[in-house]
Amino acid sequence: MTALPIRGPVRIIGIDPGLRRTGWGVIEAEGNRLIYVACGSVEPRDDLPLSSRLLAIHEGLAAVLSDHKPIEAAVEQTFVNKDGVATLKLGQARGVAMLAPAMFGISVAEYAPNQVKKTVVGAGHADKQQIAMMLKILLPKAEPPSADAADALAIAITHAHHRQSTALRLKVAGL
């Protein structure tokens, strides 16, 4: 998988992985111009076994990818917390979130939560309200139905701003 040239509009999906809600947001980037396309979340039932929840996340993301046809994807990296079991389960959801676009032949970039916050808000420790406020400025037509969808849009915006350096790193690495 190789990154596509920077010229012309580029459709990007941002994915905020989670077992309860996996947020997704699709934007188009043309130079510095960002255009909102769609956002939402995949929400598997809580009473399902883990394997079925992961399958539901995959199927939901596959439907979004099929409907919106992004050409690049970005996923938030997992932060490690004190609960190792929860971190491991989140990592499994993240794996599914990376697998779904890869199965469509879409390159997947990864961004740390603090990098997303710093890119969108200007501070690496911004809260959800600050992200929501900046989304209204950057994507005025976006009305994310949940914090997970808002975070996914922020991830897509981060990729739009950093994709040139990501493409260069992939080229240098021979990918």
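This is a guided tour of one protein chain, with a suggestion at each stop of what to select next. The model is a predicted one.

**The whole chain**

Begin by displaying the whole chain as a cartoon, where 5 helices and 5 strands can be found. Following the sequence from its start, the order of these elements reads β-β-β-α-β-α-β-α-α-α. The chain has 175 residues, and 42% of them are buried. Among contacts with a separation of 6 or more, 63% link residues that are 24 or more positions apart.

**Strand 1, at R11**

Next, select strand 1, residues 10–16, and pick out R11 within this strand. Is R11 buried or partly exposed? R11 counts as partly exposed because its relative accessibility is 22%, and the buried class requires a value under 20%.

Now add K69 to the selection. R11 and K69 stand 58 residues apart along the chain, and their C-alpha atoms are separated by 7.5 Å. Show H68 as well: its backbone oxygen is reached by the side chain of R11 at 2.9 Å. Beyond residues up to four places away in sequence, R11 touches several others, including V26, V37, P70 and E72.

**D16 and D148**

Move along strand 1 to D16, which also belongs to this strand. Then select D148 in helix 5. An unreviewed UniProt entry annotates both D16 and D148 as "binding site". Why can these two residues be said to gather at one spot? They span 133 residues in sequence, yet their C-alpha atoms are no more than 6.3 Å apart, so they gather at one spot. Both D16 and D148 also belong to the lining of the largest pocket.

Look at D16 more closely. D16 is classed as buried because its relative accessibility is 6%. Leaving out residues up to four places away in sequence, the residues touched by D16 are R21, T22, G23, E76, D148, D151, A152 and I155.

Turn next to D148, which is buried because its relative accessible area is 16%. With neighbours within four places in sequence set aside, D148 is in contact with D16, R21 and G23. Show the side chains of D148 and R21, which are joined by a polar contact of 2.7 Å.

**E76 in strand 4**

Which residue of strand 4, residues 72–76, should be selected now? The choice is E76, which is found in this strand and which UniProt, in an unreviewed entry, also lists under "binding site". E76 is counted as buried because its relative accessibility is 14%. Not counting residues up to four places away in sequence, E76 touches I15, D16, P17, R94, Y111, P113, V116 and I155.

**The largest pocket**

Finally, display the surface and locate the largest pocket. Rolling a probe the size of a water molecule over the atoms reveals where empty space remains. The largest pocket holds about 740 Å³ of space. Its lining consists of 27 residues, and those closest to the centre of the pocket are P17, G18, F79, L90 and D148. Colour the helices to see which elements give two or more residues to this lining: helix 1 (50–68), helix 2 (84–103), helix 3 (113–120), helix 4 (128–138) and helix 5 (147–173). How many residues of the lining are charged? The lining has 12 charged residues, alongside 10 nonpolar and 5 polar ones.

Technical notes
Residues are numbered from 1 along each chain as its sequence is written. This is a predicted model: local features need pLDDT of at least 70, side-chain atom pairs count only at pLDDT 80 or more; totals for chains, interfaces and linings use all residues. Side-chain values use heavy atoms; hydrogens and water are left out. On a 1 Å grid over the protein atoms alone, a cavity is a set of points where a 1.4 Å probe fits but cannot get out, and a pocket is an open set with protein on both sides within 12 Å along at least five of seven lines; lining residues have an atom within 4 Å of a point. Grid points are joined across faces, edges and corners, and a volume is the space filled by probe spheres set on the points. Helices (H or I, at least four residues) and strands (E, at least two) are DSSP runs, numbered from the N terminus. Ala, Val, Leu, Ile, Met, Phe, Trp, Tyr, Cys and Pro count as nonpolar, Asp, Glu, Lys and Arg as charged, and the others, Gly among them, as polar. UniProt positions are given in the numbering used here, feature names are shortened, and annotations may be inferred rather than shown by experiment. Buried means under 20% relative accessible area, exposed over 50%, partly exposed in between (1.4 Å probe, protein chains only). Contact means heavy atoms within 4.5 Å. A polar contact is a pair of N or O atoms within 3.5 Å; within protein, one must be able to donate a hydrogen and the other to accept it, and residues adjacent in sequence count only if both atoms are side-chain atoms.
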